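Dear colleague,

I am writing to hand over the structure that you will be working with. Please open it beside this message, so that you can follow each point in turn.

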Amino acid sequence: MFKQIRIYHYVLLLLLLILGLMVASFMLIKEHSNYGFERIYIEMKDTKFSAYADGNTFKGSNVKTIDNEFEKGFDCVIKHLEQYPYCVLTIDIRDIKMNGMDFSEFTEMTVVGSFETPDNDFLRVGFRHFDAGYSLMNSSNSMKFNQMELKSEEVKRNFVIEFDRLTVPSWWVAGMKKDNVDDLVELNHISYIEFSTGTLPSEGEYKLRLEYFVFEKEVMNISKVYEYLLIFWAVFLMLIMSVIVFVLILRLKAKGNNEKILIEINNALSVKSVELELISQTDALTGAFNRFGLQKKLINTVKNKQYPSIVTLVDIDHFKSINDTFGHQKGDYVLEKICEIIKSHLRNDESLSRYGGEEFLILMPNLSVSQVKDRIEEIRVGIQISDMNINREVTASFGVAQLNKNGNIKKIINEADKALYIAKSSGRNCISYGD
Ligand SMILES: Nc1nc2c(ncn2[C@@H]2O[C@H](COP(=O)(O)OP(=O)(O)OP(=O)(O)O)[C@@H](O)[C@H]2O)c(=O)[nH]1
């Protein structure tokens with residue numbers, strides 16, 4: 001019971017652990033958008049910025065800087081007086097060392113803000129990269145212009161600049177007029193971010209409002225998360241399986257040992273039961289089989305069809321007078337001695353049983369009268385000439401009968417008994433044969 005409760009607890013704990021790990025795995029996938037990305041926030045209120053337009057005063061387009069508590073930007077009016085009319089907001093994001101920021105590992109910038117145009121016009125977003133080879137510290141125009149244009153429908157409210165859409169325009173490269181200037185996008189020393197009207201803007205009012213930017217780079221790809229989770233679960237399940245197999249092996253071993261012990265006990269018991277069986281079938285005084293043992297021997301003879309077989313009843317002559325003359329103990333000794341003599345003449349498959357007080361039965365299977373005659377005579381003589389430790393000759397009378405095929409045990413014992421009676425009547429110390 002105790003063991004069962006413990007196993008039940010282990011299984012419950014394991015199930016809880018698996019459930020917990022499944023929830024954790026699910027959370028890892030679900031929360032990937034948080035821990036899987038590194039983000040840098042730049043708030044407009046922490047930056048220096050300025051607005052500029054092509055006319056910059058009353059002549060061409062004009063621009064007004066917007067600098068509210070939470071929103072920065074411009075209000076711009078584009079007029080087609082210049083060939084390339086524009087308004088631009090330049091945001092200085094250089095650190096103290098004036099190095100610019102490294103966005104080369106980042107994939108995108110989310111802009112929290114909006115841009116309104118008169119006629120679905122473009123917004124141009126540019127990242128000015130400082131290159132020590134050709135850029136001047138305070139001239140944003142001398143810095144590489146990584147830019148892209150978004151349609152105004154894309155930038156109504158909160159929009160994303162994907163860095164793989166950035167390009168360096170050929171007009172900027174041509175304008176630099178330097179050999180070491182190329183058109184490859186570079187984002188590792190960004191000093192300024194520019195928001196401006198796009199190519200060929202319509203005449204009218206443009207409103208740019210900016211709150212903050214979020215730069216984002218993926219530090220852990222979701223496919224990597226799946227890969228690690230898969231490896232983890234595979235290792236975890238293998239570990240669990242190994243532990244289960246290990247425990248099963250231990251239990252089987254313990255069971256094997258128990259079985260071994262049981263087999264040993266069983267063997268020991270079966271030996272004991274053979275001994276007990278033998279004891280239960282043996283006469284304690286003489287060591288001959290008792291009536292129960294005799295019964296079994298006779299049954300086996302019939303069952304195994306051991307025909308013919310010889311049944312001989314042996315009765316000690318005048319045994320009462322031996323008891324009376326020499327005492328009961330001497331009488332016991334005579335009984336033992338006679339059994340010893342008879343047994344010494346018997347073969348392995350032959351048996352001696354105590355049939356009554358001083359009466360014995362010899363069973364000789366698979367033999368006929370003619371085959372046993374001499375040996376029975378030897379037994380008779382053997383008893384007669386033996387020293388029985390009493391100052392007197394001891395003899396016995398024999399009644400012999402042959403059990404044939406389809407014979408009856410009761411009948412054959414009666415026959416032997418009749419023969420014994422004849423031997424007794426004939427003066428004792430002789431052998432009489434039945435019909
Ligand atoms: N010492 C001893 N005597 C026993 C034992 N069993 C039976 N007897 C005795 O055996 C005697 C048998 O005597 P009877 O049946 O009269 O036969 P008998 O004296 O041998 O005479 P016959 O058989 O006619 O020769 C009895 O006195 C029993 O008490 C035993 O285990 N030990």
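The notes below describe the ligand and its surroundings, and then one helix.

Please keep in mind that this is a predicted model.

The ligand is surrounded by 16 residues, and the closest of them are His-318, Phe-319, Asn-323, Asp-332 and Arg-354. Eight residues of this shell are charged, five are polar and three are nonpolar.

Several side chains place an N or O atom close to a polar atom of the ligand. For Asn-323, the distance from such a side-chain atom to a nitrogen atom of the ligand is 2.6 Å. Arg-354 has a side-chain N or O atom 2.7 Å from an oxygen atom of the ligand, and for Lys-424 the distance to a ligand oxygen atom is 3.1 Å. On its own, the ligand has 660 Å² of accessible area, of which the protein covers 66%.

Three elements each give two or more residues to the shell around the ligand: β12 (309-316), α6 (319-326) and α7 (328-344). The largest share, four residues, comes from α7.

Helix α4 (residues 222-280) deserves a separate look. Its 59 residues should span 87 Å at 1.5 Å a residue, and the C-alpha atoms at its ends are 84 Å apart, which agrees. Which residues of α4 are buried? They are Val-225, Leu-229, Trp-233, Phe-236 and Ile-240. An α-helix has 3.6 residues a turn, so residues three or four places apart point the same way. Please look at the buried residues of α4 with this in mind.

With kind regards

Methods:
Residues are numbered from 1 along each chain as its sequence is written. This is a predicted model: local features need pLDDT of at least 70, side-chain atom pairs count only at pLDDT 80 or more; totals for chains, interfaces and linings use all residues. Side-chain values use heavy atoms; hydrogens and water are left out. A residue is near a molecule or strand if one of its heavy atoms lies within 4 Å of it. A polar contact is a pair of N or O atoms within 3.5 Å; within protein, one must be able to donate a hydrogen and the other to accept it, and residues adjacent in sequence count only if both atoms are side-chain atoms. Accessible areas come from the Shrake-Rupley method with a 1.4 Å probe; for residues, only the protein chains shown count as cover. Ala, Val, Leu, Ile, Met, Phe, Trp, Tyr, Cys and Pro count as nonpolar, Asp, Glu, Lys and Arg as charged, and the others, Gly among them, as polar. The expected span of a helix is 1.5 Å times one less than its number of residues. Buried means under 20% relative accessible area, exposed over 50%, partly exposed in between (1.4 Å probe, protein chains only).
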